[in-house]
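The following exercises concern the reading of local environment and strand pairing from a structure. Please examine the entry below before attempting them.

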Amino acid sequence: MKKIKIITVFILCLIMCAGCGVFLGKLSWPKVLTEGNDKVEHNEMCIISDDFSVTINVKKGIELTSVYDKKLEHEYISIPNGLFDFTLDEKTYSSQKDLTVLGTKKDEEGFHIRAKSEEAEVTFNLVIKPDPNAAAILMECYVSNDSKETKYIVMTYPEILPVNIPGNKADICAAIPQEGGWVSAYDSNSVLGFSPVVATAPTKNAEDASGGLPTCINAMEVLSVYNKKGEGGLFIANVDGEMGADIAPIHMLINRQLLEGHCVAQLEKGKYCQLSTIAFGAIREGDWHEAVDYYTAKHSNTMEYPDIPTWLKNSPKGSNRPP
């Protein structure tokens with residue numbers, strides 16, 4: 001009888017906890033936010049996939065120190081970059097200067113980094129890992145709001161200084177697929193994509209914003225910089241962000257040779273949000289199609305294509321539409 005009472009009380013407690021939202025089965029915090037990362041085990045880590053690598057250093061905040069293609073024997077980064085910037089309450093912070101790294105670890109998933117901004121009251125958790133199916137490195141990012149009020153965050157993620165593309169400067173191109181043209185030379189006059197003002201919308205409330213996307217022109221969330229004669233190049237792609245989904249997309253911009261991604265998020269007090277995973281990938285064939293093929297493969301489950309009329313499918317090349 002006593003055992004029955006104990007079991008009954010235990011079940012009632014579980015039901016009450018579930019109603020209060022603290023039942024363990026209801027928690028949605030990912031493992032990366034709850035396990036380890038409380039000690040800096042590595043100051044630098046090189047993550048490699050198919051002879052393409054990205055190196056992250058955490059001695060001074062979080063820095064991107066190398067993007068290297070061993071197959072082509074080429075280094076794309078000349079000086080350390082802050083990996084991202086973020087703006088909260090109209091103040092902008094840098095991952096390179098304004099974050100304190102709390103812990104790092106390496107496991108079967110990849111390289112984990114936990115870093116905090118005391119002033120902004122946010123914590124970043126990153127997981128950098130190889131893509132097993134491509135010459136690309138994946139980077140997950142989670143942002144936790146440690147304050148007692150809701151915050152609106154604007155992210156420049158990633159933010160990379162001009163990269164060194166091999167070969168003759170006249171053969172170096174930049175591309176962001178969008179309406180109205182999207183391939184140009186990669187030089188000091190390069191402007192492709194949309195400015196952060198358009199991308200984040202004129203609001204301080206993410207619920208009123210466009211999810212980080214512009215609303216005026218269609219664009220893919222992938223950029224590429226490459227030598228058109230096949231001597232090398234790289235791309236950066238939004239992997240799992242989708243308009244209207246739980247993870248907002250990252251909108252790409254090439255601005256005077258800077259490579260940038262922009263997104264916005266509403267951070268509820270005491271909670272976290274996941275930003276879109278980004279991919280750094282190799283271009284080895286001298287064509288932007290490598291970047292677009294990678295992007296479309298990652299979004300194949302959500303992309304929709306218009307039906308092609310039968311008359312167009314069956315018509316010979318050069319024929320006109322029948323009346």
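Three exercises with worked solutions follow, and they rest on a predicted model.

**Exercise 1.** Determine whether lysine 116 is buried or exposed, and describe its surroundings.

*Solution.* Step 1: locate the residue; lysine 116 belongs to strand β9, which covers residues 111-117. Step 2: apply the cut-off, by which buried means under 20% relative accessible area. Lysine 116 has 16% relative accessibility and therefore counts as buried. Step 3: list the contacts beyond four places in sequence, which are Asp98, Leu99, Thr100, Leu102, Val122, Thr123 and Asp146. Step 4: examine the side chain; that of lysine 116 makes a polar contact of 2.5 Å with the side chain of aspartate 146.

**Exercise 2.** Classify the accessibility of valine 40 and identify its contacts.

*Solution.* Step 1: valine 40 is found in the loop between α2 (31-34) and β1 (44-49). Step 2: its relative accessible area is 36%, so valine 40 is partly exposed. Step 3: outside the four neighbouring places in sequence, valine 40 contacts Val58, Val101, Leu102, Gly103 and Thr104. Step 4: for valine 58, the separation from valine 40 is 18 residues in sequence and 8.8 Å between C-alpha atoms.

**Exercise 3.** Establish the strand order of the six-stranded open sheet and its edge strands.

*Solution.* Step 1: the order is β7-β6-β12-β19-β18-β15, with antiparallel pairing. Step 2: β7 (91-94) and β15 (191-193) each pair on one side only and are the edge strands. Step 3: neighbouring strands of this sheet are turned by 20° on average, direction ignored. Step 4: within the sheet, three bridges link antiparallel strands β6 (residues 85-88) and β12 (residues 151-160); aspartate 85 stands opposite threonine 156 in β12.

How values were computed
Residues are numbered from 1 along each chain as its sequence is written. This is a predicted model: local features need pLDDT of at least 70, side-chain atom pairs count only at pLDDT 80 or more; totals for chains, interfaces and linings use all residues. Side-chain values use heavy atoms; hydrogens and water are left out. Helices (H or I, at least four residues) and strands (E, at least two) are DSSP runs, numbered from the N terminus. Buried means under 20% relative accessible area, exposed over 50%, partly exposed in between (1.4 Å probe, protein chains only). A polar contact is a pair of N or O atoms within 3.5 Å; within protein, one must be able to donate a hydrogen and the other to accept it, and residues adjacent in sequence count only if both atoms are side-chain atoms. Contact means heavy atoms within 4.5 Å. Two strands pair if DSSP finds at least two bridges between them. Axes are lines fitted to C-alpha atoms, for helices over the stretch in contact, and angles run from 0 to 180 degrees between N-to-C directions.
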